[in-house]
2 protein chains.
Amino acid sequence: MMPQKVRIALDAMGGDIGPAVVIPGAARFLDQRPDVTFELFGDQAQVGPLLDQFPRLKAASRLTHTAVWVKMGDKPSQALRQGRRVSSMWLALDAVKKGDADVAVSAGNTGALMAMSKFCLRTMAQIDRPAIAGVWPTLRGQSIVLDVGASIGADAGHYVDLSVMGAAMASVILGVEKPTVGLLNVGVEEIKGIEEVKAAGRLLRELDSPALSYHGFVEGDDIGKGVVDVVVTEGFTGNIALKTAEGTARQLATILREAMSSSLMAKIGYLFARSAFATLREKMDPRRVNGGVFLGLDGIVIKSHGGADAIGFCGAIETGYQMVRHELLHRIRDALAHAQEARLGAASAPVAEPSATETH
Amino acid sequence: MMPQKVRIALDAMGGDIGPAVVIPGAARFLDQRPDVTFELFGDQAQVGPLLDQFPRLKAASRLTHTAVWVKMGDKPSQALRQGRRVSSMWLALDAVKKGDADVAVSAGNTGALMAMSKFCLRTMAQIDRPAIAGVWPTLRGQSIVLDVGASIGADAGHYVDLSVMGAAMASVILGVEKPTVGLLNVGVEEIKGIEEVKAAGRLLRELDSPALSYHGFVEGDDIGKGVVDVVVTEGFTGNIALKTAEGTARQLATILREAMSSSLMAKIGYLFARSAFATLREKMDPRRVNGGVFLGLDGIVIKSHGGADAIGFCGAIETGYQMVRHELLHRIRDALAHAQEARLGAASAPVAEPSATETH
């Protein structure tokens, strides 16, 4: 049963700034979507006064005081040791675990949040290792890319799990019933890519899932083109691809800024084209797509960028809100169950001809 | 002994266009650097008439006819089967092997060129698997990134080989005596990255090579910042990082172009800022840094982008020219010999304390 209001647990102390971003971000979100309540966890002395500035938010929130919070530089083991059961991050996750909230949002450090999420919420029955999925702006709109850093390496089965979970998330974010899924691979060698990726391609082709449409292999430059709705890779490559793209975008923005202030003529041109540049800036604004989704856990957890401002944090809450409203966990469980049945069916079926090599 | 003129072997048939790009590209190069001669391999009927248009180039070249060439879509095994000893690609490589040329340049397909290079030139004695190194434009200038797709996966020793070879190339391209080297890794998890990368980090720290300065781990967004001169990773991740960056750059260029033609005001602004946009375009021009260098072979091979035009192909020749003039192979052999001695020394030395975990 979907509760009438979406109940959102916030780690009020997470992020580079902390409450001064989280509270205004939540207030902003409430202005857009009044059908939510907040469970806030953080230091009363810091959060209380901020909350007083936003009476509507205050009325829709319950603040639970804790004097313990995870620092951005804390190692996951340290965070667990010092912050288990008592930190604002843990308490936000625990609210989801206990059923007091539908989703937890934190801008705290990724490693600690993932470690605590695994410890507190546990993974879904069928899933060994959780993943982090990001929303990637493309020329055709948006795509989901996962895993962008939760766990390193993958066997064929894990790639299938990632595909199924990513497709469920894409169906929510993109509103597509049967998202297309591509496995990230390299196209240089004849025997393309690593064995596990090839094996995963065969499994996905055989899967015939109602929840996703397997496209085949995609390469790095296909992500930005928006060739598929969901790009699947393991956490090492995914993290490097994501950060490389972010780095390239920042690099080009810097070059553009320098070029536009390099001469009087350029500056005049900039003034004329100001609104075009504003559009451009908006399209390139990383805040638009803030909010990594932790997938594979028994609960919904959203990781906001640590450096996000209130607008960015509001975006992360929106991502969480959508996941709850569109029942992400049910979608994932259904799709995983189907995939598992299909695999069991395939295992008991007579041995088929080996499928042809992928030739995307 | 360095020959007075650099002797360049060209696969005249390689690339999406073939001779109509290769020959004008070579002519353009000769205008810039007269201290070269060319060994051309290709179809007399196609190459001959083009050569007649460039009398200076014709005078500096010898054309060897062959009616066989590798197609862009050929698989490496197919290329080897049909093109060994007879194709324009093979003959260009063989000219290097036989000592008739100092470097081979081809815009033919990467997989075939790598397979033929391994087969024809063989790897250096100390190297198991060759790599492809690319020049990556950064905010601080240029960096060398390798391996961008030659071979997948790496053990610690291979990462060290890549570091040594990449540093040798960087010393040529960047003119830095002791280039800084970073291992590409992820920063999300406490136990950062894969075991092999961590082990390579320890080896590189102990190496104390006169030819490179080990910086530590770098992340994807550090590449564009130009944090290190040489970024080292294995071919799967490197290929995906490279193509993801290319895709992001193209994506942003498209968005910029659309923004600048979105309104009359924007178009007027564009006219005023025209020269700034020209600078921008030039900085983003992939032709500026065309030419992947195959490292680890007993000979210098340059892979031009298949879609390069004459200017781009000329850039690839320039890369090869620099590698010859600055004796890339000697630099690599010297550095590899030093690294091997250091490793042997370390192996016979008393067992040291395990080095501290990388905490870049």
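Guide: Copies are superposed by least squares on the C-alpha atoms of residues with pLDDT of at least 70 in both, and we shall read this predicted model with that in mind.

Visitor: What rotation and what shift along its axis superpose chain A on chain B?

Guide: A rotation of 180° with 0.0 Å of shift along the axis superposes chain A on chain B, with an RMSD of 0.0 Å, which means that the two chains stand in the relation of a two-fold axis. The same surface serves both copies, as 100% of the contact residues of chain A recur in chain B.

Visitor: Which residue of chain A comes closest to the rotation axis?

Guide: That residue is A:Gly269, whose C-alpha lies at 1.8 Å from the axis.

Visitor: How many residues does each chain give to the contact, and which element of chain A has the largest share?

Guide: Chain A gives 59 residues and chain B gives 59 residues. On the side of chain A that touches chain B, the elements giving two or more residues are α4 (76–83), α6 (110–121), α9 (220–225), α10 (235–260), α11 (264–272) and α12 (274–283), and the largest share, 21 residues, comes from α10(A). By class, this side of chain A has 29 nonpolar, 19 polar and 11 charged residues.

Visitor: What confidence values does the predictor give for the complex and for chain A?

Guide: For the complex, the predictor gives an ipTM of 0.85 and a pTM of 0.88. Chain A has a mean pLDDT of 89, with 92% of its residues reaching 70 or more, whereas over residues 351–360 of chain A the pLDDT is below 50, and this stretch has nine contacts in the model beyond near neighbours in sequence.

Definitions and conventions:
Residues are numbered from 1 along each chain as its sequence is written. Chains are lettered from A and ligands numbered from 1 in the order in which they are written. This is a predicted model: local features need pLDDT of at least 70, side-chain atom pairs count only at pLDDT 80 or more; totals for chains, interfaces and linings use all residues. pLDDT is the predictor's confidence in each residue, from 0 to 100. Two residues are in contact if their C-beta atoms, placed from the backbone, lie within 7 Å. Helices (H or I, at least four residues) and strands (E, at least two) are DSSP runs, numbered from the N terminus. Ala, Val, Leu, Ile, Met, Phe, Trp, Tyr, Cys and Pro count as nonpolar, Asp, Glu, Lys and Arg as charged, and the others, Gly among them, as polar.
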